[in-house]
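The following exercises concern the arrangement of two chains and the elements within them. Each task is followed by a solution in steps.

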There are 2 protein chains.
Amino acid sequence: MRNINEDTITQAVIGSLDKCENPRLKQVMTSLVQHLHAFARDVQLTEDEWAKAISFLTEVGHITDDKRQEFILLSDTLGLSMLVTTQNNKKPANCTEATVFGPFFVDGAPVYQNGDDIANGASGAPCYFKGQVRGTNGEPIANAWLDVWQSDEDGFYDVQSSVARIAGETEFRARGKLQTDDQGFFNFRSILAEAYPIPHDGPVGRMLNAIGRHPWRPAHLHFMIQAPGYETLITHVFREGDQYLDSDVVFGVRSSLIVDWVPHEPGITPDGKVLDVPWFTLDYDFVLNPIASKP
Amino acid sequence: MRNINEDTITQAVIGSLDKCENPRLKQVMTSLVQHLHAFARDVQLTEDEWAKAISFLTEVGHITDDKRQEFILLSDTLGLSMLVTTQNNKKPANCTEATVFGPFFVDGAPVYQNGDDIANGASGAPCYFKGQVRGTNGEPIANAWLDVWQSDEDGFYDVQSSVARIAGETEFRARGKLQTDDQGFFNFRSILAEAYPIPHDGPVGRMLNAIGRHPWRPAHLHFMIQAPGYETLITHVFREGDQYLDSDVVFGVRSSLIVDWVPHEPGITPDGKVLDVPWFTLDYDFVLNPIASKP
């Protein structure tokens with residue numbers, strides 16, 4: 001440790017972990033140091049670039065608060081979130097695939113009944129969703145909890161609303177929890193999902209601009225589905241035809257999650273009401289993985 | 001991009017850099033993504049560990065302000081800072097070696113004359129420093145600027161003082177700038193350097209504790225030396241005999257920078273004054289690298 005130089009530094013740092021009593025933490029930190037140093041060596045990182053990286057991370061930290069998580073955006077846009085999601089959610093082929101969680105989930109969303117309108121005033125074309133939650137053997141899963149959340153037609157989630165931010169609390173819109181019935185079925189009304197840019201007025205947005213990437217995500221609806229005896233499923237349903245399906249800024253698209261959102265002329269809707277504007281329907285079933293079958 | 005999975009994600013992210021118009025940025029980001037993903041694959045990073053990493057980085061960001069730079073501490077304690085320093089400061093063998101900059105440099109420190117006491121009230125045993133700044137052919141470097149900074153006997157730099165923080169400004173102590181004379185010589189009085197722990201009441205301190213490492217740095221004095229025609233030298237002088245020379249928390253020790261700080265009984269000091277407490281002397285010369293000879 002008295003002769004630290006370019007060649008000895010990595011082993012010196014790894015050696016300093018000798019007294020780490022948590023074997024998993026030691027493994028993770030050892031690998032982190034090896035890859036961090038290998039990166040700096042590979043590109044021969046300069047002192048000026050290092051200083052810019054420190055400033056960038058500082059900005060990411062300072063813009064992050066309880067409503068905005070710029071580190072998750074950074075992880076998402078570098079594909080790390082999707083990599084971690086995929087390697088931790090290996091499932092049998094007939095299960096619904098997982099995708100990224102994203103930064104806009106909120107715990108404690110309001111509970112709705114099947115058939116309710118969860119939009120709660122969020123702007124967008126009406127959309128009627130229905131489907132079934134099943135296990136891998138086709139068994140219906142009764143009383144599964146679905147968390148649903150999505151942005152409005154302007155691309156904003158309720159938690160991003162300036163009104164909510166000023167008031168210091170969130171008025172939940174286009175966000176809710178509901179349970180499947182005794183045959184595993186669910187249905188609710190919300191709004192049509194639209195493509196939107198991730199928040200790009202901060203350091204991650206400037207990074208994307210500097211590396212020639214757009215900040216858009218294809219239209220999607222978020223689901224988290226939980227039921228006893230099954231692995232929790234966190235996923236999206238994407239909208240077929242969206243122009244950003246091939247360039248999702250967070251790399252979250254999986255073919256099996258792309259679905260037709262069917263347009264309808266004004267008229268009688270699935271809940272028996274009459275709408276004088278166009279509306280949409282979306283049918284999608286989810287298949288959960290029993291915990292026992294996890295590889 | 002529609003079939004993102006564990007195997008395809010890395011190439012998808014690298015492919016997204018196609019439109020990056022800055023070749024160096026493209027190279028750095030490509031390598032960063034490769035190593036970041038390789039790390040996550042190597043350790044099979046779990047979703048819970050990923051979430052803890054996001055929380056950790058968020059805490060690092062939130063404790064960082066204009067007086068405390070926790071991201072630099074993180075880089076220092078993971079050996080990244082020293083790696084970047086060494087790979088960017090390759091010099092001929094007879095040059096003074098560089099080491100880490102650290103987070104406590106302040107631009108605009110007060111200017112002193114040779115012979116002045118730069119301690120300005122900082123607590124510690126008096127210490128008289130002298131030396132010469134030369135080039136690689138032995139030529140004295142006149143009018144070179146030396147920035148000097150150090151902690152007090154309690155291990156705190158002036159910028160860490162709670163008084164300075166409350167007032168919103170720094171009273172410079174044990175910190176100053178001075179110039180070599182026409183023969184390249186400098187001398188000043190300050191205080192004896194003592195070992196100190198880096199700030200460890202934040203997330204980096206908790207990380208060190210979790211991985212079984214102490215937060216201590218061996219006693220040292222910081223120098224940044226600048227002269228036209230020469231590469232700027234950023235380095236420390238370490239104190240021989242310090243118990244942390246073999247386990248510097250930021251991996252900054254180089255054998256050539258360890259020096260005897262000679263103790264003296266109370267009596268007449270180099271500036272002709274009489275001290276009734278023990279005092280120290282330190283002699284150290286610096287050799288700068290001419291810019292033309294950079295490899």
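A residue is buried if 20 or more other C-beta atoms lie within 10 Å of its own, exposed if 12 or fewer, and partly exposed in between, with C-beta atoms placed from the backbone. Helices (H or I, at least four residues) and strands (E, at least two) are DSSP runs, numbered from the N terminus. The model is predicted: local features need pLDDT of at least 70, side-chain atom pairs count only at pLDDT 80 or more, and totals for chains, interfaces and linings use all residues. Residues are numbered from 1 along each chain as its sequence is written, while chains are lettered from A and ligands numbered from 1 in the order in which they are written.

**Exercise 1. Determine which residues of β8(A) are buried on each side.**

Step 1. Strand β8 of chain A spans residues 233–239, and 7 of its 7 residues are buried.

Step 2. One side carries A:Leu233, A:Thr235, A:Val237 and A:Arg239, and the other A:Ile234, A:His236 and A:Phe238; both faces are thus covered.

Step 3. Two strands pair if DSSP finds at least two bridges between them. Strand β7 (residues 220–226) of chain A pairs with β8(A) in the antiparallel sense over 6 bridges, and A:Phe223 has A:Thr235 as its bridge partner.

Step 4. The hairpin of β7(A) and β8(A) has 6 residues between the strands, and A:Gly229 in the turn has a positive phi of about 90 degrees.

Step 5. With β9 (residues 258–259) of chain A, β8(A) pairs in the parallel sense over 2 bridges; here A:Arg239 is the bridge partner of A:Val259.

**Exercise 2. State the strand order of the open sheet in chain B and identify the strands at its edges.**

Step 1. The order of the 5 strands is β3-β2-β7-β8-β9, with mixed pairing.

Step 2. β3 (175–179) and β9 (258–259) of chain B each have a single partner strand, so one side of each is left without a neighbour in the sheet.

**Exercise 3. Establish the relation between the two chains and describe their interface.**

Step 1. Copies are superposed by least squares on the C-alpha atoms of residues with pLDDT of at least 70 in both. Chain B falls on chain A after a rotation of 180 degrees with 0.0 Å of shift along the axis (RMSD 0.0 Å). That is the relation of a two-fold axis.

Step 2. B:Gly61 is the residue of chain B that comes closest to this axis, at 1.9 Å (C-alpha).

Step 3. Two residues are in contact if their C-beta atoms, placed from the backbone, lie within 7 Å. By this criterion, 70 residues of chain B are in contact with 70 residues of chain A. On the chain B side, α2(B) gives the most, with 15 residues.

Step 4. Since 100% of the interface residues of chain B are also interface residues in chain A, the copies meet through the same surface.

**Exercise 4. Which elements do the buried residues of α2(B) pack against?**

Step 1. The buried residues of α2(B) include B:Val28, B:Met29, B:Leu32 and B:Phe39.

Step 2. Their packing partners are α2 (23–42), α3 (47–63) and α5 (80–87) of chain A, together with α1 of chain B.

Step 3. A:Ile211, in the loop between α7 (203–210) and β6 (216–217) of chain A, is buried, with 20 other C-beta atoms within 10 Å. Residues up to four places away in sequence not counted, A:Ile211 touches B:Leu17, B:Cys20, B:Leu25 and B:Met29.
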